[in-house]
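Biologist: Hi! Could you pull up the model so we can walk through it together?
Modeller: Sure, here it is.

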Amino acid sequence: MSTTATETKTTVTADNVLRLFPDVNTSLASSHRAPTTDNDLQGYDEEQIRLMEEVCIVLDNDDNPIGSASKKVCHLMKNIDEGLLHRAFSVFLFDSNNRLLLQQRAAEKITFPGMWTNTCCSHPLGIPGETGAELDAAVEGVRRAAQRKLDQELGIEAKQIPLDKFRFLTRIHYKAPSDGKWGEHE
């Protein structure tokens, strides 16, 4: 995945997030329904549209949770260019011969369709068990989210990779446009 540097116009904080992004829910609510007639999502696969309703954890630049918003709101470049940032994770799964499992993203994906990527990348959701403000709690939430997504995307059940087998490496802040409308800022 290539990255392109873009200049953020405003620093997003807990104090100004609602003024800048009225679609962000500062209470980490469990549901953000996208309108059924959403022009941004017209023409996309029904399952991918449903996944854009998932609730991401909105962050400030210091990785502190300050709210939540739908995956759609978090991945629109117009919001990313204004500084909207959300929590995400990447899983690098190695076999006993130290070979890395890669996957090619589905052509139906809204962001980065058809791209080759790490084993699994996604978002901890704004739901109990996957949120966390302090580093230890955030890492534990990401581990749970990684188990959920490995099962969902690759059929790797949680019992095959217990939470204690995930090794936290570091935090990375990056921004990458996918096309003119969609991108990442995690």
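Modeller: One definition before we start: helices, of at least four residues, and strands, of at least two, are DSSP runs numbered from the N terminus. Also keep in mind that this is a predicted model.

Biologist: Thanks! Then where is M115 placed?
Modeller: M115 sits in the loop between β5 (103–104) and β6 (116–117).

Biologist: And is M115 buried, partly exposed or exposed?
Modeller: Its relative accessible area is 33%, so M115 is partly exposed, as that class lies between 20% and 50%. The C-alpha atoms of M115 and Q104 are 5.5 Å apart, although eleven residues separate the two along the chain.

Biologist: What about T119, which loop is that in?
Modeller: T119 belongs to the loop between β6 and β7. T119 has 0% relative accessibility, so it counts as buried.

Biologist: What does T119 touch, sequence neighbours within four places aside?
Modeller: Its contacts include V91, F92, L93, L150 and L154. L101 is one of them too, and the backbone oxygen of L101 is 2.5 Å from a polar atom of the T119 side chain.

Biologist: Switching to the sheet: in what order do the three strands come?
Modeller: The order is β2-β1-β3, in an open sheet with antiparallel pairing. β2 (65–70) and β3 (85–86) are the edge strands with a single partner each, so each has one side without a neighbour in the sheet.

Biologist: How many bridges join β1 to β2, and how many join β1 to β3?
Modeller: There are five between β1 (residues 55–59) and β2, and two between β1 and β3.

Biologist: Which residues are opposite V58 on the two sides?
Modeller: In β2, V58 has G67 as its bridge partner. In β3, H86 stands opposite V58. Further along β1, L59 is across from P65 in β2.

Biologist: Is β1 mostly covered or open?
Modeller: Mostly covered, with five of its five residues buried. In a regular strand, side chains alternate between the two faces of the sheet. Here V55, I57 and L59 are buried on one side of β1, and C56 and V58 are buried on the other.

Biologist: Now the backbone. Which residue in the turn of the β1 and β2 hairpin has a positive phi?
Modeller: That would be D63, at about 70 degrees, in a hairpin with five residues between the strands. D63 is not a glycine, and most residues other than glycine have a negative phi. D63 has a relative accessible area of 18%, so it is buried.

Biologist: And N98, what is its phi?
Modeller: N98 has a positive phi of about 60 degrees, and it is not a glycine either. N98 lies in the loop between β4 (89–91) and β5. Its relative accessibility is 63%, so N98 counts as exposed.

Biologist: Last topic: how many cavities of 30 Å³ or more does the structure hold?
Modeller: Just one. The volume of the largest cavity is about 250 Å³. It is lined by 19 residues, of which K71, R105, K109, T111 and H123 are the closest to its centre.

Biologist: Which elements give two or more residues to that lining?
Modeller: Those are α2 (46–51), α3 (71–75), β7 (120–122) and α5 (135–154).

Biologist: And how does the lining split by class?
Modeller: Seven residues are nonpolar, five are polar and seven are charged.

Key: Residues are numbered from 1 along each chain as its sequence is written. This is a predicted model: local features need pLDDT of at least 70, side-chain atom pairs count only at pLDDT 80 or more; totals for chains, interfaces and linings use all residues. Side-chain values use heavy atoms; hydrogens and water are left out. On a 1 Å grid over the protein atoms alone, a cavity is a set of points where a 1.4 Å probe fits but cannot get out, and a pocket is an open set with protein on both sides within 12 Å along at least five of seven lines; lining residues have an atom within 4 Å of a point. Grid points are joined across faces, edges and corners, and a volume is the space filled by probe spheres set on the points. Ala, Val, Leu, Ile, Met, Phe, Trp, Tyr, Cys and Pro count as nonpolar, Asp, Glu, Lys and Arg as charged, and the others, Gly among them, as polar. Two strands pair if DSSP finds at least two bridges between them. Buried means under 20% relative accessible area, exposed over 50%, partly exposed in between (1.4 Å probe, protein chains only). A polar contact is a pair of N or O atoms within 3.5 Å; within protein, one must be able to donate a hydrogen and the other to accept it, and residues adjacent in sequence count only if both atoms are side-chain atoms. Contact means heavy atoms within 4.5 Å.
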